[in-house]
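Reader: I am new to this structure and should be grateful for a close look at a single part of it. Please take the enclosed space inside the protein as the subject, and then what lies around it.

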Amino acid sequence: AFRQQHPEVSLQLTVVNHAQAIKRLSVNRDDLLIMSQVPQDMALEFLPFLNNPIVAIARPDHPLAALASLSLQDLTGFPLIVREPGSGTRKACEEYCHEKRAHFAQRMELGSLESQREAVLAGLGLALLPRHAVSHELSSGRLCELPVQELPLYRSWCAVHPRGKRLSPVAQAFIAFIRNQRGLIEQLAQRFSAGP
């Protein structure tokens, strides 16, 4: 409906990793970015709108899956499947594991969240992933969330733009929507995470 009323407005969605998003912000390329790790050293406006819990996942037949309680240290004896350098989720997890002194000797680096999920399904190791990204596999029993005491690691999805930027009508409408409808967004996310 918005596009019919305002045909001159163009909307383009691009998916990039965290490092690429920072570069795009630094050259003021986009109206809005959605990211979970907002850089503190840039003049940015941001609006958190949805929790993004990061959890440890494994196949149900993994040796750790049978345990009732784990620490991050318990995971370090197994291969960890991680995203490529530049990923915001990878950066957040690395910083958190370093803070908790959980160092993984074996890592397998893959280029997307989907490939991480597939590698865990194939039994190649464990991964720290946003719960929403594996909600269907968790609800179907193809993957399990490991009961790690220090997890989930909570991050929030945020709408981000350079401070002082004049936003397009579409960006303004999106910001107004998430500011006024956070409860609805959370309900939709919970329904989506519950699976079919």
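How many cavities of 30 Å³ or more does the count come to?

Author: The model is a predicted one, in which local features need pLDDT of at least 70 and side-chain atom pairs count only at pLDDT 80 or more, while totals for chains, interfaces and linings use all residues. Residues are numbered from 1 along each chain as its sequence is written, and side-chain values use heavy atoms, with hydrogens and water left out.

The count comes to one cavity of 30 Å³ or more. A cavity here is a set of points, on a 1 Å grid over the protein atoms alone, where a 1.4 Å probe fits but cannot get out; lining residues have an atom within 4 Å of a point. Grid points are joined across faces, edges and corners, and a volume is the space filled by probe spheres set on the points. By that reckoning, the largest cavity holds about 90 Å³ of space.

Its lining consists of Leu80, Ile81, Val82, Arg83, Thr89, Arg90, Cys93, Glu94, Cys97, Arg107, Gln116 and Leu128. Six of these residues are nonpolar, two are polar and four are charged. In this grouping Ala, Val, Leu, Ile, Met, Phe, Trp, Tyr, Cys and Pro count as nonpolar, Asp, Glu, Lys and Arg as charged, and the others, Gly among them, as polar.

Strand E3 and helix H4 (88-99) each supply at least two residues of this lining. Helix H4 gives the most, with five residues. Helices (H or I, at least four residues) and strands (E, at least two) are DSSP runs, numbered from the N terminus.

Gln116, one of the lining residues, leads to helix H5 (residues 113-121), where Gln116 is buried together with Leu113, Arg117, Ala119, Val120 and Leu121. Buried means under 20% relative accessible area, exposed over 50%, and partly exposed in between (1.4 Å probe, protein chains only). The cover over the buried residues of H5 includes strands E2 (44-58), E3 (80-83), E4 (107-110) and E5 (126-130), as well as helix H6 (135-140); contact means heavy atoms within 4.5 Å. After H5 comes Gly123, which has a positive phi near 80 degrees.

Strand E2, part of that cover, contains Asn52. Asn52 counts as buried because its relative accessibility is 0%. Beyond residues up to four places away in sequence, Asn52 touches Ser36, Pro130, His132, Leu153, Tyr154, Arg155, Ser156 and Trp157.

Notes: On a 1 Å grid over the protein atoms alone, a cavity is a set of points where a 1.4 Å probe fits but cannot get out, and a pocket is an open set with protein on both sides within 12 Å along at least five of seven lines; lining residues have an atom within 4 Å of a point.
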